[in-house]
Amino acid sequence: MKTFSATPADIDKKWILIDAEGVVLGRLASIVAMRLRGKHKPSFTPHMDMGDNVIIINADKVQMTGKKREENFYWHTGHPGGIKSRTKAEILEGAHPERVVTQAVKRMLPGNRLSRKQMTNLRVYAGSQHPHEAQSPEVLDVKSMNKKNTRV
């Protein structure tokens with residue numbers, strides 16, 4: 001028996017739509033990271049971009065457990081003493097609330113060239129509108145997968 005290794009001709013990409021309203025951020029990010037990598041497919045090949053295109057709507061209404069809204073995201077400007085931080089709550093209330101979800105998914109992928117390519121298959125929108133109706137995405141109901149995925 002031979003090990004199956006996918007070629008570019010074997011790859012079948014789908015479009016998935018996920019509504020993030022009321023869903024716990026970490027659980028959403030892990031499901032999306034798995035879909036982006038393609039690990040949910042039986043033909044998964046680690047060195048190929050096998051994953052689906054994922055659209056996330058209502059990213060500004062994502063939930064967090066505990067005191068995670070008060071936790072900081074840190075970055076460095078590149079200048080001496082240039083470390084900066086902003087809480088997740090400040091980002092969610094700011095101009096780009098979708099960055100919280102994007103960063104959570106990015107940090108669940110391995111840090112290599114392939115994962116940067118796979119991140120281009122992720123589209124995150126703060127509201128309920130998205131410009132990808134022509135792709136006719138399948139709706140993936142993350143809320144009903146596990147009762148712990150939602151927070152009231």
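This report walks through a predicted model of one protein chain, from its overall layout down to a couple of single residues.

## The big picture

Let's start with the whole chain. It holds 4 helices and 6 strands, and if you read along the sequence they come in the pattern β-α-β-β-β-α-α-α-β-β. The C-alpha trace spans about 55 × 40 × 30 Å along its principal axes.

Of the 152 residues, 41% count as buried. Now take the contacts in the chain with a separation of 6 or more: 69% of them come from residues 24 or more positions apart.

## The sheet

Which strands line up in the sheet, and in what order? There are 4 of them, in the order 5-2-1-6, and they form an open sheet with parallel pairing. Strand 5 (122–124) and strand 6 (138–139) are at the edges with a single partner strand each, so one side of each has no neighbour in the sheet.

Now zoom in on the pairings. Strand 1 and strand 2 run parallel and are joined by 5 bridges; here D19 has I57 in strand 2 as its bridge partner. Strand 2 (residues 53–57) also pairs with strand 5, again in the parallel sense, over 3 bridges. In that pairing, I55 has R123 in strand 5 as its bridge partner.

## A closer look at strand 2

Is strand 2 mostly covered or mostly open? Mostly covered: 5 of its 5 residues are buried.

In a regular strand, side chains alternate between the two faces of the sheet. You can follow that here: N53, I55 and I57 point one way from strand 2, V54 and I56 point the other way, and all are buried.

## Helix 1 and its neighbours

Helix 1 (residues 25–37) lies across strand 1 (15–19), strand 2 and strand 5. Its direction makes an angle of about 155 degrees with strand 2.

Helix 1 also packs with helix 3 (residues 98–106), at an angle of about 60 degrees and with the axes 8 Å apart. Angles under 65 degrees that are not under 35 fall in the oblique class, and helix 1 and helix 3 are therefore oblique to each other. Their crossing is right-handed.

So who meets whom? On the helix 1 side, the residues are L25, L28, A29, V32, A33 and L36, and on the helix 3 side they are V100, V101, A104 and V105. Sort the residues of this contact by type and you get 10 nonpolar, no polar and no charged.

## Two residues to find

First, look for R35, which lies in helix 1. Is R35 buried or exposed? With a relative accessible area of 15%, R35 is buried, because the cut-off for buried is under 20%. Leaving aside neighbours within four places in sequence, R35 is in contact with I16, H40, G51, D52, V54 and L140. One of these, V54, belongs to the strand 2 residues described above. As for V100 in helix 3, R35 and V100 are 65 residues apart in sequence and 18 Å apart in space, C-alpha to C-alpha.

Next, find H132 in the loop between strand 5 and strand 6. H132 has 12% relative accessibility, so H132 counts as buried. Not counting residues up to four places away in sequence, H132 touches W15, I55, R123, Y125 and P137. Two names there may ring a bell: I55 and R123 are bridge partners.

Terms used:
Residues numbered from 1 in each chain as written. Predicted model: local features only at pLDDT ≥ 70, side-chain atom pairs only at ≥ 80, totals over all residues. Heavy atoms only, no water. Pairing = 2+ DSSP bridges. Contact = heavy atoms within 4.5 Å. Axes fitted to C-alpha atoms, helices over the stretch in contact; angles between N-to-C directions. Parallel < 35°, antiparallel > 145°, perpendicular 65-115°, else oblique. Left-handed = near helix turned anticlockwise from the far one by under 90°. Nonpolar A, V, L, I, M, F, W, Y, C, P; charged D, E, K, R; others polar. Buried < 20%, exposed > 50% of the residue type's maximum accessible area, 1.4 Å probe, protein only.
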